[in-house]
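Work through the exercises below with the sequence and the coordinates open. Try each task before reading its solution.

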Amino acid sequence: MQDKFYLTTAIDYVNGAPHIGHAYEKILSDVIIRHKRQITDNAYMLTGTDEHGIKIQKTAASKGITPKELCDENFSKFEQAWKELEISYDQIIRTTDEKHKKVVKQIFKKLLENGDIYKHSYTGLYCNGCEAFLSAKDLTEDGLCPDHQKKPEEITEENYFFRLSKYKDKIADYIKSHPNFIRPASRVNEILNQLENIEDISVSRTKSSVQWGIEVPDDDTQSIYVWIDALSNYITAIGYDVENPSDQFKKLWPANVHVIGKDIIKFHSIYWSAILMSLGLPLAESIYAHGWITLDQSKMSKSLGNVIAPHDVLKAFNLEKPDAFRYYMASAAQTGKDGNYSDDDFKEKVNADLANNIGNLLNRTLNMLVKYFDGEIKSEFVTNKDSKIAILAANSKEQIINCFNNFEIAEAANIIVAFADNVNKYVTENAPWTLAKEGKMVECGQVLYNVLEAMRHIAIMLYPYCPNIAADILTQLDEEQNYKYDKLVWNGIKTGKITEKDKIKPVFLRLDSEFATDKKKG
Ligand code: MSP
């Protein structure tokens, strides 16, 4: 048993409302943490919002409200969206929290005392979108920021700088000697290449250009520039303090994984590593960079006007529970690759996997149990743990654990579906209805037993993706709601009468095409 698992997500900018791209990351993270909770009692998930910086300041000004008012308004939209999607975080941090601000100042001071921060006059190309200075070689041929397609501004300022270059070799060595650090590993070379040319970075802005930020300690002319502020949330949230870190910090740090998008991997693997090294703290075990979600194969952006909120999808398909959307998003892309959302694909995938494959299997089997045995699992139906389905169940469990250790969330979902597929084939091959017709009642009962025991396994395996469907399956099997992985042992299902005709209900209803049509109209 793993003794603890600490997962963090990127903290979202609150200059707008959450869209399904933000939701993708939080769902992936939630699926991982729910899986870890099945294995350890000490799994902890932190998420949050990134509330300082010029973008917030400008958006608030354009709306005629204060930056804090804008943050409060949008923070509650994020909080509401995560509630609706049943993101089971343990903590949500805001970078405007007083405790966070206090510790960020301590961190800045400590880096200054260590000689890693110094003052320097600088002229550079600043991209408001990235909230970062870009070097000329980062730009497109037309001189635009590749991520935001905007020309960066030339700015001259006296700023505080962080000696990132000092840590270059140490970080490269660390990456090379820790193969689990950057995941997927296909991103390692990209980071090592970026490290080759890394320069010191500006970590403050003059107050005259950015007011909405944490003040540099003992210098009221400067604000701390967003990345030191934002990245530090991973330690301030759990009680880091330069002098006196909390017991919770000592228990949870280093993080087991920072789940982030591929666009911010440089900040996490290079900037954050150097800050931690300067503070004398260990680095996270892994940084998992997921891909991006496109909408109907196009990049989502507010300026293109094609962003959709997770709530829009649930509403359009009349979904009271988020399970189908969670399942679809979590299986939308292979690990680290980009994925796509489309209404049609969503419908097709959840109808096939959740309604037809898994839902129908349970429904048909429980109905046969009622028809042939009055809803009772008799003790003579109990099968050997060496039976074909029992072995498939045990193998699936091992494969899923392995996938999760490699952040292969979509791949783990495929294993569950493949297992359900195999159980469906097993039912067809063994035709319990024919066995009943031929009066082979014990054999018939054994087939149903295998399927129901497989369904109990499926419920537990599916739980991180679809907590409500999993609960429904276990309820219909008359089993307690216990999703711990140590319950994944064969012959765990109890015998006796477990159901009757009017207790059997579909666990997931197929999505109707009208809903999708309504949505497009709306
Ligand atoms: N505030 C910074 C992160 C600081 S972490 C110390 C930031 N915020 S963000 O709101 O722009 O993005 C938050 C997360 O959402 C990032 O990990 C980003 O990659 C992810 N995504 C934003 N749009 C996305 C998609 N369209 N698809 C998938 N993930 C996306 O970056």
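The exercises cover salt bridges, one sheet, a charged surface patch and unusual backbone angles.

The model is predicted: local features need pLDDT of at least 70, side-chain atom pairs count only at pLDDT 80 or more, and totals for chains, interfaces and linings use all residues. Residues are numbered from 1 along each chain as its sequence is written, and side-chain values use heavy atoms, with hydrogens and water left out.

**Exercise 1.** Determine where Arg34 and Asp30 lie and whether they are buried or exposed.

Solution. Start with the contact: Arg34 forms a salt bridge with Asp30, with the closest N and O atoms 2.8 Å apart. A salt bridge here is a side-chain nitrogen of Lys or Arg within 4 Å of a carboxyl oxygen of Asp or Glu. Next, place the residues: both lie in helix α1 (residues 20-37), four residues apart, about one turn of the helix. Helices (H or I, at least four residues) and strands (E, at least two) are DSSP runs, numbered from the N terminus. Finally, Arg34 and Asp30 are both buried. Buried means under 20% relative accessible area, exposed over 50%, and partly exposed in between (1.4 Å probe, protein chains only). The structure holds 26 salt bridges.

**Exercise 2.** Find which parts of the chain are tied together by the salt bridge of Lys119 and Asp219.

Solution. The closest N and O atoms of Lys119 and Asp219 are 3.3 Å apart. Lys119 is in strand β5 and Asp219 in strand β12 (residues 219-224), so this pair ties together parts that are 100 residues apart in sequence. For accessibility, Lys119 is partly exposed at 39%, whereas Asp219 is buried at 10%.

**Exercise 3.** Describe the sheet that contains β5 and identify its edge strands.

Solution. The strand order is β6-β5-β7-β9, an open sheet of four strands with antiparallel pairing. Because β6 (132-134) and β9 (201-202) each have a single partner strand, they stand at the edges, and one side of each has no neighbour in the sheet. Two strands pair if DSSP finds at least two bridges between them. Strand β5 (residues 117-127) is joined to β6 by three bridges. At one of them, Cys127 has Ala132 in β6 as its bridge partner.

**Exercise 4.** List the residues of the negative surface patch that includes Asp344.

Solution. The patch is formed by Asp296, Asp344, Asp345 and Glu348. Patch residues have over 30% relative accessible area and no salt bridge, and like charges are joined within 9 Å. Asp344 belongs to helix α13 (residues 343-373) and is partly exposed at 46%.

**Exercise 5.** Locate the cis peptide bonds before Pro184 and Pro254.

Solution. Most residues other than glycine have a negative phi, and most peptide bonds are trans. The bond between Arg183 and Pro184 is cis, with omega about -10°; Pro184 lies in the loop between β8 (182-183) and α6 (188-196). The bond between Trp253 and Pro254 is also cis, with omega about 5°, and Pro254 is in the loop between α9 (247-252) and β13 (257-261).

**Exercise 6.** Give the phi values of Asp374 and Asp478 and the loops that hold them.

Solution. Phi of Asp374 is positive, about 55°, and Asp374 sits in the loop between α13 and β17. Asp374 counts as exposed at 51% relative accessibility. Phi of Asp478 is near 60°; Asp478 is in the loop between α18 (467-476) and β18 and is partly exposed at 35%.

Notes:
Patches are made of residues with over 30% relative accessible area and no salt bridge: like charges are joined within 9 Å, nonpolar side chains (Val, Leu, Ile, Met, Phe, Trp, Tyr) within 5 Å. Accessible areas come from the Shrake-Rupley method with a 1.4 Å probe; for residues, only the protein chains shown count as cover. Lys and Arg count as positive and Asp and Glu as negative; His and the chain ends are not counted. The place of a charge is taken as NZ of Lys, CZ of Arg, CG of Asp or CD of Glu.
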